[in-house]
Amino acid sequence: MQTSLADFIRDTPEGKEADAILRKCTHCGMCTATCPTYQLLSDELDGPRGRIYLIKQVLEGAAPTAKTQLHLDRCLTCLSCETTCPTGVRYGRLADIGRKLVEERVGRGPVESAWRGAINAVVPKPSLFGPLFKLGRLMRPLLPPALKSKVPPAPTAAGIWPAAAHARRMLVLEGCAQPSLSPATNATAARVLDRLGISLIRAPGAGCCGGVTFHLNQQEDALAYMRRNIDAWWPHIEQGAEAVVITASGCGVMVKEYGHRLQHDPAYAKKARRISELSKDISEVIAAESAKLKPLISRQPSAASRQRIAFHSPCTLQHGLKLQGKVESLLSDLGYELTHVEDAHICCGSAGTYSILQPELSQQLRANKVASLESGAPVAILTANIGCQTHLQGATALPVRHWIEAVDDSLR
Ligand code: SF4
Ligand code: SF4
């Protein structure tokens with residue numbers, strides 16, 4: 001694609017990056033076939049090729065409008081288009097640049113700004129989110145159905161977090177909403193890793209990965225969360241922590257980006273790059289230790305007693321971290337029977353704050369996803385990201401859990 005970026009951006013780091021991305025796009029349109037919003041809305045501007053064109057126009061000097069913003073807002077940033085693209089267009093990075101520019105130029109109305117501001121003020125802060133979530137649970141019976149589905153019932157208790165007794169140590173990203181919504185996830189990961197001879201440690205002072213704030217287009221504010229985590233983790237890295245383990249694939253994608261996001265910060269660039277290199281989804285860690293895992297499995301089920309489960313692979317796991325198939329093969333090795341899930345590459349509609357900000361599209365995608373997941377008559381749905389877990393749980397009677405809990409079950 002030929003480009004002619006406007007003077008205001010051409011020679012900036014963002015301008016150069018956007019230009020390189022745009023030049024890779026051949027406008028072939030293959031990505032539209034796998035774009036969830038194009039599938040629902042059948043509008044070229046609600047598909048990746050159309051959005052790329054809109055961003056290109058803005059970068060070339062056209063004034064963005066509220067309509068430009070709407071089409072970019074409707075994008076889930078699921079990155080299905082990136083997986084499909086034959087020429088390697090980094091759509092996600094282009095969308096980040098485009099959205100920031102459009103946000104600055106178009107702005108938001110007072111109600112929308114207040115709503116987005118409230119989400120940004122609460123969700124990344126466990127000290128606010130936790131008490132509000134507890135209050136929401138108490139009020140749950142009184143809530144209207146749409147809101148009730150956003151407040152999951154009482155979560156599974158965390159259980160024991162083993163003491164750090166092993167020479168091998170790994171840090172864990174605690175996250176922001178996950179400790180309230182599913183406290184069992186990280187504690188379960190700690191128990192499984194403990195059986196594998198690895199202590200999972202929490203660094204006081206670390207918290208939200210910055211993803212919520214970043215995807216609300218407060219990109220500079222998000223950098224503060226990233227720096228805070230780096231400061232909290234760095235002493236442990238210097239003392240030999242092998243990895244930063246992440247149990248929410250959405251957060252995993254963000255931490256993998258730290259090196260890129262802080263590349264122009266002289267105080268943090270090197271550390272951020274190192275943290276991104278050390279960040280690992282829990283599936284990568286377990287897969288690397290699978291030889292030690294197998295002898296610990298209490299009993300391989302017979303063919304007749306294999307539990308049927310449906311695995312929902314989050315977009316951030318399969319398209320963002322490119323770890324497609326890893327969890328599925330781990331679960332099969334443990335004796336679980338995975339059902340067929342139609343359109344497994346399509347987003348469930350959670351997508352961070354998308355389910356709150358674009359409820360209609362989000363709910364359509366969720367209904368389609370739940371139908372696919374339930375079609376194979378599983379006894380449970382497993383997934384790898386807290387956002388998807390909570391979102392799907394709001395629309396199915398089946399239990400929706402993190403897959404690491406199934407590994408823990410197999411070890412008992
Ligand atoms: S598939 Fe890739 S090259 Fe083709 S239109 Fe989409 S982004 Fe551009
Ligand atoms: S990120 Fe997802 S929703 Fe956005 S354009 Fe790409 S495929 Fe479509």
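**View 1. The second largest cavity has a mostly nonpolar lining, with nine nonpolar residues, three polar and one charged.** This is a predicted model, and the close-up looks at a space of about 80 Å³. In all, 13 residues line this second largest cavity, and those closest to its centre are Cys-35, Arg-51, Cys-75, Cys-78 and Cys-81. As for helices, α3 (36-41), α4 and α6 each give two or more residues to the lining.

**View 2. Here is the largest cavity, at about 120 Å³.** It's one of five cavities of 30 Å³ or more that turn up in a search of the whole structure. Count the residues around the largest cavity and you get 17, with Cys-25, Cys-31, Ile-52, Cys-85 and Val-89 nearest its centre. Two elements, α4 (48-59) and α6 (80-84), put in two or more residues each. Of these, α4 gives the most, with three residues. Sorted by type, the lining of the largest cavity has 11 nonpolar residues, four polar ones and two charged ones.

**View 3. Let's zoom in on Cys-75, one of the residues closest to the centre of the second largest cavity.** Is Cys-75 buried or exposed? Its relative accessibility is 7%, so Cys-75 counts as buried.

**View 4. Cys-176 and Cys-208 make a cysteine pair without a bond.** Why is there no bond between Cys-176 and Cys-208? Their sulfurs sit 3.7 Å apart, which is too far for a bond, because a disulfide needs the two sulfur atoms within 2.5 Å. For Cys-176, the sulfur in Cys-208 is the closest cysteine sulfur there is. Cys-176 is also buried, at a relative accessible area of 11%. Across the whole structure, the search for disulfides comes back with zero.

**View 5. Helix α17 runs over residues 269-278 and has several buried residues.** Which residues of α17 are buried? They are Ala-269, Ala-272, Ile-275, Ser-276 and Leu-278. A handy thing to keep in mind: an α-helix has 3.6 residues a turn, so residues three or four places apart point the same way. The cover over the buried residues of α17 includes the helices α14 (219-238), α15 (249-256) and α16 (258-261). Also part of that cover are β3 (244-246) and β4 (279-281).

**View 6. Our last stop is His-391, in helix α24 (residues 386-393).** With a relative accessibility of 6%, His-391 counts as buried. What does His-391 touch, leaving aside neighbours within four places in sequence? Its contacts are Cys-348, Gly-349, Ser-350, Ser-355, Ser-362 and Arg-366.

Notes. Residues are numbered from 1 along each chain as its sequence is written. Chains are lettered from A and ligands numbered from 1 in the order in which they are written. This is a predicted model: local features need pLDDT of at least 70, side-chain atom pairs count only at pLDDT 80 or more; totals for chains, interfaces and linings use all residues. Side-chain values use heavy atoms; hydrogens and water are left out. On a 1 Å grid over the protein atoms alone, a cavity is a set of points where a 1.4 Å probe fits but cannot get out, and a pocket is an open set with protein on both sides within 12 Å along at least five of seven lines; lining residues have an atom within 4 Å of a point. Grid points are joined across faces, edges and corners, and a volume is the space filled by probe spheres set on the points. Helices (H or I, at least four residues) and strands (E, at least two) are DSSP runs, numbered from the N terminus. Ala, Val, Leu, Ile, Met, Phe, Trp, Tyr, Cys and Pro count as nonpolar, Asp, Glu, Lys and Arg as charged, and the others, Gly among them, as polar. Buried means under 20% relative accessible area, exposed over 50%, partly exposed in between (1.4 Å probe, protein chains only). Contact means heavy atoms within 4.5 Å.
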